[in-house]
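Got a minute to look at a fold together? Let's go through some of the labels people put on structures and check what backs them up.

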Amino acid sequence: SALRANNALIKFIDGAFSGQDVIATWSTTNAITIPRTQTRTLNALIASKTGALTGTYIYNDPNQLYASTTGILGGVVLQKSGEVRGYYTAGTGSGQMLMLPNRDQTPAPVTIISPKSKSVSEDGATYKIYVTASEPWSVVNPYSWVVIFPTSGTGNAELVATVTGNSSNLRREANITIAGINHHIEQDWNSQGGGSGVTIAPLVGYASVGGGSYQVTITGYNNMNAGDFFSPVPWVTITPDLQSATVVVADWGFWNSGYTPRTTVVKIAGVNHTVIQDWK
């Protein structure tokens, strides 16, 4: 069975990891690994001469803000049964560990995000990131110029990523962790060297499934051109002013009846503003 992926079942009998069955691959090089997810990481090796197993198992608990617990594994191969038995230590405690053939061929948890990278123009962009996951996940995003929504979940999900415009003369990059996997963003620089001087805040607005309204503050805008305040969709309307604008989402009953968040980009004082509405 060492030639197949997901061929081993690791059981933690007691201790900190009690009840956590892990599907692993025992490779022909005697390496023991599991598919990396945000909640679990395991790397172990069996010595060819002695049959001794050593390794590390890390569990990140989604119920405790992904707090990590590290277990140090130790065991030995029982040649006649094809099993590995041993113990592990985690913190100040310990427990028993048992590795058996995965006879039921239970699939291992897997996490995939798509795309893993995105190139964005200086004007910014809104796009979707698809998460395929069998375990809880979260988003770690330290960048103010990138918004990811939603920021956590369980199982498969469709995320909306919004990259705001880049008015500087430098390219910028972001590395955002989604479900334990890196998502890389590269954004071009403002080749015109500055922009109009008009700014709005916030650049991204949110509304519940039933809609609502909020204010956007405008700075440096001295005109009142109709084309500078524009919504391409009927479920967002804008009431303009020289210093502010009221954004009304899902007006006249256009509430979000879909099963995913919806988003659009409107113009406020000629500047792109992203609207994200939650789903039911």
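What follows is a short run of questions and answers about this predicted model.

Q: Why is I200 called buried?
A: Its relative accessible area is 8%, and buried means under 20%, so I200 makes the cut. You'll find I200 in strand β18, residues 199–201.

Q: What makes a residue count as a contact of I200, and which ones does I200 touch?
A: Contact takes heavy atoms within 4.5 Å. Leaving out residues up to four places away in sequence, I200 touches V216, T217, I218, I268, V271, N272 and H273.

Q: How far apart are I200 and I113, in sequence and in space?
A: They sit 87 residues apart in sequence, and C-alpha to C-alpha the gap is 32 Å.

Q: How do you know that β7 and β8 pair?
A: Pairing needs at least two bridges. Seven bridges join β7 to β8, so these two strands pair, and they run antiparallel. For a spot to look at, the bridge partner of R85 is L98 in β8.

Q: Which barrel do β7 and β8 belong to?
A: A closed barrel of eight strands, running β1-β2-β3-β4-β5-β6-β7-β8 with antiparallel pairing. On average, neighbouring strands there are turned by 25° against each other, direction ignored.

Q: What makes the largest nonpolar core a core, and who sits in it?
A: A nonpolar core is a set of buried residues of certain types, Ile, Phe, Leu, Tyr and Met among them, joined through side-chain atoms within 4.5 Å. The largest one has 22 residues, and those with the most contacts inside it are I10, F12, I32, L53, Y57 and M99. Elements giving two or more residues to this core include β1 (8–12), β5 (52–61) and β8 (93–101). In soluble globular proteins, nonpolar side chains tend to be buried together.

Q: Which residues does I10 touch?
A: Not counting residues up to four places away in sequence, they are Q20, D21, V22, A24, I32, L42, M97, L98 and M99.

Q: Why are β10 and β14 called edge strands?
A: Five strands form an open sheet in the order β10-β17-β16-β12-β14, with mixed pairing. β10 (117–120) and β14 (152–154) each pair on one side only. Neighbouring strands in this sheet are turned by 20° against each other on average, direction ignored.

Q: How do you know that β16 and β17 pair?
A: Same test: at least two bridges are needed. Seven join β16 (residues 172–178) to β17 (residues 181–187), so they pair, running antiparallel. T177, for one, stands opposite N182 in β17.

Definitions and conventions:
Residues are numbered from 1 along each chain as its sequence is written. This is a predicted model: local features need pLDDT of at least 70, side-chain atom pairs count only at pLDDT 80 or more; totals for chains, interfaces and linings use all residues. Side-chain values use heavy atoms; hydrogens and water are left out. Buried means under 20% relative accessible area, exposed over 50%, partly exposed in between (1.4 Å probe, protein chains only). Helices (H or I, at least four residues) and strands (E, at least two) are DSSP runs, numbered from the N terminus. Axes are lines fitted to C-alpha atoms, for helices over the stretch in contact, and angles run from 0 to 180 degrees between N-to-C directions.
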